[in-house]
Structure formats: C-alpha cells, structure tokens
Amino acid sequence: MSEWISVKERLPKAFECVIVCRPKKGTMIVEAGCLDVNDWWKVYGTRTKAVTHWMPLPDPPKEEHT
C-alpha cells in the first residue's frame, strides 16, 4: 500500500477517487474522497476543506475468470 501524502506536499488530480484522512469530532477518520474545486474535497455525502492527507486507491484484486 502507498504511504500517506500530505496535502501540503501535493494533491491528486481533480475528481480522482482516493483515500483521505481528516479530523472529525476529535479523531482522525479515513474514507474515500476526491478533490473537487477551489480546494474543496467531496467525502461521503459532504464537502470539506479539512483533509490533511491522501493516498491512491489500491489496485483491485486479480480474479481468475473461468
């Protein structure tokens, strides 16, 4: 799995689905999200500017097709 990337270091491409980390109610949560416009992030039904780190999604599993 990739390492966390600080949003101060670099950002993903706009609208690319990634894993994000952000503070919520006194704890850090991890969820899927994407960079929207004007430094806003879309995460689980809301928009926020509080994302601190992100990482690319892992590759999907390789399944054999029979």
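Here a biologist and a modeller talk through Thr 48 and the paired strands of a predicted model.

Biologist: Glad you could join me! Why is Thr 48 called buried?

Modeller: Happy to help. Buried means under 20% relative accessible area. Thr 48 has 11%, so the residue counts as buried.

Biologist: And where does Thr 48 sit, and which residues is it in contact with beyond its neighbours within four places in sequence?

Modeller: Thr 48 belongs to strand E5, residues 46–48. With those neighbours set aside, Thr 48 touches Arg 22, Asp 39, Trp 40, Trp 41 and Val 43, where contact means heavy atoms within 4.5 Å.

Biologist: What makes the approach of the Thr 48 side chain to the backbone nitrogen of Ala 50 a polar contact?

Modeller: The cut-off for a pair of N or O atoms is 3.5 Å. The Thr 48 side chain reaches that nitrogen of Ala 50 at 3.0 Å.

Biologist: Nice. How do you know that strands E2 and E3 pair?

Modeller: Pairing needs at least two bridges. E2 (residues 17–24) and E3 (residues 27–35) run antiparallel and are joined by eight. One example is Cys 17, whose bridge partner in E3 is Cys 34. Two residues lie between the strands of this hairpin, and Lys 25 has a positive phi near 50 degrees.

Biologist: What makes E3 and E4 a pair as well?

Modeller: The threshold is again at least two bridges, and E3 and E4 (residues 41–43) have three, in the antiparallel sense. Here Cys 34 has Lys 42 as its bridge partner in E4. Five residues separate the strands of this hairpin, and Asn 38 in the turn shows a positive phi of about 55 degrees.

Note on methods
Residues numbered from 1 in each chain as written. Predicted model: local features only at pLDDT ≥ 70, side-chain atom pairs only at ≥ 80, totals over all residues. Heavy atoms only, no water. Buried < 20%, exposed > 50% of the residue type's maximum accessible area, 1.4 Å probe, protein only. Polar contact = N/O pair within 3.5 Å; in protein donor to acceptor, adjacent residues only side chain to side chain.
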